[in-house]
Amino acid sequence: MDLQFKTSKNAITAQELFRLYPSLSPFLVSLLKEYVKGTFVKDSLSSESILHPSLFPILLLLSRLQPVSYVAADVGAIESVEPFIEPVLVCLSHPHHKVRLMASRSIGALCAGDGEGPASMTRITSWCLEILSKDSICGYNFIHGILMCLSQLIQSQGSKDWFEK
């Protein structure tokens, strides 16, 4: 396994980070939603884009968290990452390659494994596969981001048996 996909044993969990800094989660979520809404459109094929200076660091922070799937089945851990899922999924279509890369790595860290919530691997992969199977034009950046996300989910889980379901 490549070094880039290994998680540090010293990495902090999302639940612990947001417990220590309770105002950080709503602040980061609001910033992500604002940047996603204001800087680019999901289906945009234009080459002109604006990269907000704080978008990449937020995605980098989220990607460096200990994966939620490594934490024991804890409702608090899953609830702490659920607000981030939607804006990070939208970042998969960003025109900048590194933003898509960090968004896919963030999804790998935020994915809660099997379960029923919006952060569950089943829900995220079914969303990705649904987008890929649509006939509508969603842009090469979006397709690339989704494929990187699926790759990251496979590598972060370390098992492919859930695809056979």
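Colleague: Which residues does Ile107 touch, not counting residues up to four places away in sequence?

Modeller: Quick note before we start: this is a predicted model, where local features need pLDDT of at least 70 and side-chain atom pairs count only at pLDDT 80 or more, while totals for chains, interfaces and linings use all residues. Residues are numbered from 1 along each chain as its sequence is written, and side-chain values use heavy atoms, with hydrogens and water left out. A contact here means heavy atoms within 4.5 Å. By that rule, Ile107 touches Ile85, Val88, Leu89, Ile124, Cys149 and Leu153.

Colleague: Okay, and how many residues does the largest nonpolar core have?

Modeller: A nonpolar core is a set of buried Ala, Val, Leu, Ile, Met, Phe, Trp, Tyr and Cys residues joined through side-chain atoms within 4.5 Å. Buried means under 20% relative accessible area, exposed means over 50%, and partly exposed is in between (1.4 Å probe, protein chains only). Ile107 is among the residues with the most contacts inside the largest core, along with Leu32, Leu59, Leu62, Phe84, Val88 and Ile124. The size of that core is 43 residues.

Colleague: Which elements give two or more residues to this core?

Modeller: Elements come from DSSP runs, numbered from the N terminus: helices are H or I with at least four residues, strands are E with at least two. The protein has 7 helices and 0 strands. The contributors are α1 (14-20), α2 (24-39), α3 (55-63), α4 (75-90), α5 (97-110), α6 (121-133) and α7 (140-157).

Colleague: Let's zoom in on α5. How many of its residues are buried?

Modeller: Ile107 is one of the buried residues there, and others include Val99, Arg100 and Ser104. The helix is mostly covered, and the count is 12 of its 14 residues.

Colleague: What span should α5 have at 1.5 Å a residue?

Modeller: The expected span of a helix is 1.5 Å times one less than its number of residues. The end C-alpha atoms of α5 are 20 Å apart, which agrees with the expected value for its 14 residues: 20 Å.

Colleague: What about α3: what arc do its buried residues cover around the axis?

Modeller: The buried ones in α3 are Leu55, Ile58, Leu59, Leu62 and Ser63. They sit on the same side of α3, because the directions from the helix axis to their C-beta atoms cover an arc of only 135°.

Colleague: Now charges. Which residue forms a salt bridge with Arg19?

Modeller: A salt bridge is a side-chain nitrogen of Lys or Arg within 4 Å of a carboxyl oxygen of Asp or Glu, and a search of the whole structure finds 1. Arg19 is exposed, at 53% relative accessibility, and its partner is partly exposed, at 29%. Both lie in helix α1, 3 residues apart, about one turn of the helix. With the closest N and O atoms 2.6 Å apart, the partner is Glu16.

Colleague: Is the ring pair of Phe18 and Phe84 stacked or edge-to-face?

Modeller: Rings of Phe, Tyr and Trp (its six-membered ring) pair if their centres lie within 6.5 Å; planes under 30 degrees apart are stacked, over 60 edge-to-face, and the rest tilted. There are 2 aromatic pairs by this rule. For Phe18 and Phe84, the centres are 5.5 Å apart and the planes are at 15°, so the pair is stacked.

Colleague: And which helices hold Trp127 and Phe142?

Modeller: Their ring centres are 6.0 Å apart with planes at 65°, so this pair is edge-to-face. Trp127 is partly exposed at 24%, whereas Phe142 is buried at 2%. The two residues are 15 residues apart, in helices α6 and α7.
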